[in-house]
Structure formats: C-alpha cells, structure tokens
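Reader: I am new to this structure and should be grateful for a close look at its aromatic rings. Please describe how they are paired, and then what may be found in their surroundings.

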Amino acid sequence: MQGGKTIALAMTLVPLALVWAGAVPLAAKKTAGAYHPHIDPQDFQVTVDNPYFPLTPGTVFKYSEKTRHGTVEKMVTVTYDTKVILGVPCTVVSDNVTDGVALKEETVDWYAQDKAGNVWYFGEDTKMYDGSGKVNRKGSWEAGVDNAEPGVIMQAHPSVGDPYRQEYRKGEAEDLARVLTIDEGVTVPYGSFAGCVKTTDWTELSGDIETKWYARGVGLVKTTASTSDGPEVSTLLSMTRP
C-alpha cells in the first residue's frame, strides 16, 4: 500500500526479551517518537511455527485474487532458503502473481519468529511487470537498509488491542495492523474455518485498507481490500504440504 502522508511511531529501546507485554512486543506498538526496535538475534528461533502464521518449508498456497481488472492467481511458496538480516536467519517466501498467461508480480518476503512466538517481517523484494518490459520495484525494502525497520506480522498470542507496526521504511513501507477479533468464522474454496484471527491492515501512505482472516494451522485464508483502484478479494484455493 503506497502513497500519502507519513506518521511517526515509536519503540521502547530495550532488549526484546524484557518487553513482552501481552500479545505484541512493546517495541512494535504504536506510540509517539522514532521507530527503532532493538533486534537481538539471540531472541529468535530457526522455525516459524506460530499457529496462525506457520511457515513450513515446502508448503505451497494457491490463492484466487479478484479485482476490477479481472482474476489473477497467486502462488505462495515457503522455500527451504534463508536470508540473514540484522543477524537473524529469515525464512524466504516466494510470492508470484499471474493472470493465466503472464507473470504480473514477483515478490520475495523474509520472515523470522522470536522465541516468544511473534512473527516478524524483515522485508520484501518486489517486482511488478506492466507488460511493456518495465519493472516497478516500488514497495521493496529490507530491514537495516536505508533506515528500514522490521515489524510484527503475527502476534504470539493475538488479542484485540492497539495498532502495531508490520513494516517500516519511511515513505515506502508503513503498514500498520490491529486485531479485530480472535473468534471469526470464514469460508473459502479450500474449506470452512472457525476461531480465525481477523485483522485490519492499513497505511497512512494511502487510503487502502485490508481485512485479513488467519486460520489456525493454515495461515492467511482470505483478504478483502478497499483500494484506490477498487475492491479486491483474495481467497485460498489450496494448500499443499511437504
């Protein structure tokens, strides 16, 4: 989500191991001031096994995304690769969008889970293709590069509460989230799920707003979005486990 005015948020500059307070590290909660989390590699583990955001290498998710321009297909693959960012080994996730003929978007995301169970988002390398050979990399960022900072993508113990940072690179990546409920039911082509975590995600760089549903043991199963380009709906079609 891009464009618009910026805002200032802050973090408590103390080791993560000392600031777990409820579902979200204090370091990622919205306050006033500069945003700069203290990341200690010793606070992180190798696997990402948060029940609402599990990243088991070899897992492939297939989504259908409907927009005003038509329907596209998204394939999300949890790779066996890792990338070390700020000293933390991050799981590499590949995300490709096609319209049935051509590749429209190609993204690599980097995630890591701390020992308290929070899943952190350390960045993305995004390439969008317009059909003319041009590549748009707007929205790409990596924690530690150009003052970019990681944020929390999924809480250890989701609970309705204050907004928290999902990512931060000033003027480029400033997504925020808030948990709306932890007991939501949803049905998608892949199946019906109860007890889902439902969040609202937004950025003050634009007026775009997303609502997401995360199912236990699966992860993201549905997204609805209100964007400047019209409404969008993404639903999980299938999940293949290794």
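**The aromatic rings and their surroundings**

Author: Tyr190 has a relative accessibility of 33% and therefore counts as partly exposed, since that class lies between the limits of 20% and 50%. The model in which this ring appears is a predicted one. Phe193, by contrast, has a relative accessibility of 17% and counts as buried, because this value is under 20%.

Before these two residues are considered together, the pairing of rings should be set out. A pair of aromatic rings is described by how far apart the centres are and by the angle of the planes. Nine aromatic pairs are counted in the model. One of them joins Tyr111 and Tyr121, whose ring centres are 5.0 Å apart and whose planes make an angle of 20°, a stacked arrangement. This pair links distant parts of the chain: Tyr111 belongs to strand 6 (residues 103-113) and Tyr121 to strand 7 (residues 119-129), with their positions ten residues apart in sequence. Both Tyr111 and Tyr121 are buried. Tyr190 and Phe193 also form a stacked pair, because their planes lie at 20°, with 6.2 Å between the ring centres. In that pair, then, a partly exposed ring, Tyr190, stands against a buried one, Phe193.

Ring pairs also build a cluster, whose members are Phe53, Tyr111, Tyr121, Trp141 and Tyr214. The stacked pair of Tyr111 and Tyr121 thus has both of its residues in this cluster.

Trp141 leads on to another aromatic residue, Phe122, with which it is in contact. Where does Phe122 stand in the largest nonpolar core? This core has 48 residues, and Phe122 and Val221 are the two that touch the most other members. With residues up to four places away in sequence left out, the contacts of Phe122 include the aromatic residues Phe44, Trp110 and Trp141. Among its other contacts are Ile39, Ile85, Val88, Ala112, Ala143, Glu142 and Pro150.

Two further contacts of Phe122, Leu86 and Cys90, deserve a separate word. Leu86 lies in the loop between strand 4 and strand 5 (88-98). Its phi is near 55°, a positive value in a residue other than glycine. Leu86 counts as partly exposed because its relative accessibility is 38%. Cys90 is buried, with a relative accessible area of 0%. Cys196 likewise counts as buried, at 0% relative accessibility. The structure nevertheless holds zero disulfides.

Finally, some rings have a charged group over the face. Arg165 lies over the face of Tyr35, at 5.5 Å from the ring centre. The ring of Trp213 has the charged end of Lys222 over it, 5.1 Å from the centre. The rings are thus found both in pairs with one another and, for Tyr35 and Trp213, beneath a charge.

Notes:
Residues are numbered from 1 along each chain as its sequence is written. This is a predicted model: local features need pLDDT of at least 70, side-chain atom pairs count only at pLDDT 80 or more; totals for chains, interfaces and linings use all residues. Side-chain values use heavy atoms; hydrogens and water are left out. A nonpolar core is a set of buried Ala, Val, Leu, Ile, Met, Phe, Trp, Tyr and Cys residues joined through side-chain atoms within 4.5 Å. Buried means under 20% relative accessible area, exposed over 50%, partly exposed in between (1.4 Å probe, protein chains only). Contact means heavy atoms within 4.5 Å. Rings of Phe, Tyr and Trp (its six-membered ring) pair if their centres lie within 6.5 Å; planes under 30 degrees apart count as stacked, over 60 as edge-to-face and the rest as tilted. Helices (H or I, at least four residues) and strands (E, at least two) are DSSP runs, numbered from the N terminus. A charge sits over a ring if NZ of Lys or CZ of Arg is within 6 Å of the ring centre and within 35 degrees of the ring normal. A disulfide is a pair of cysteine sulfur atoms within 2.5 Å.
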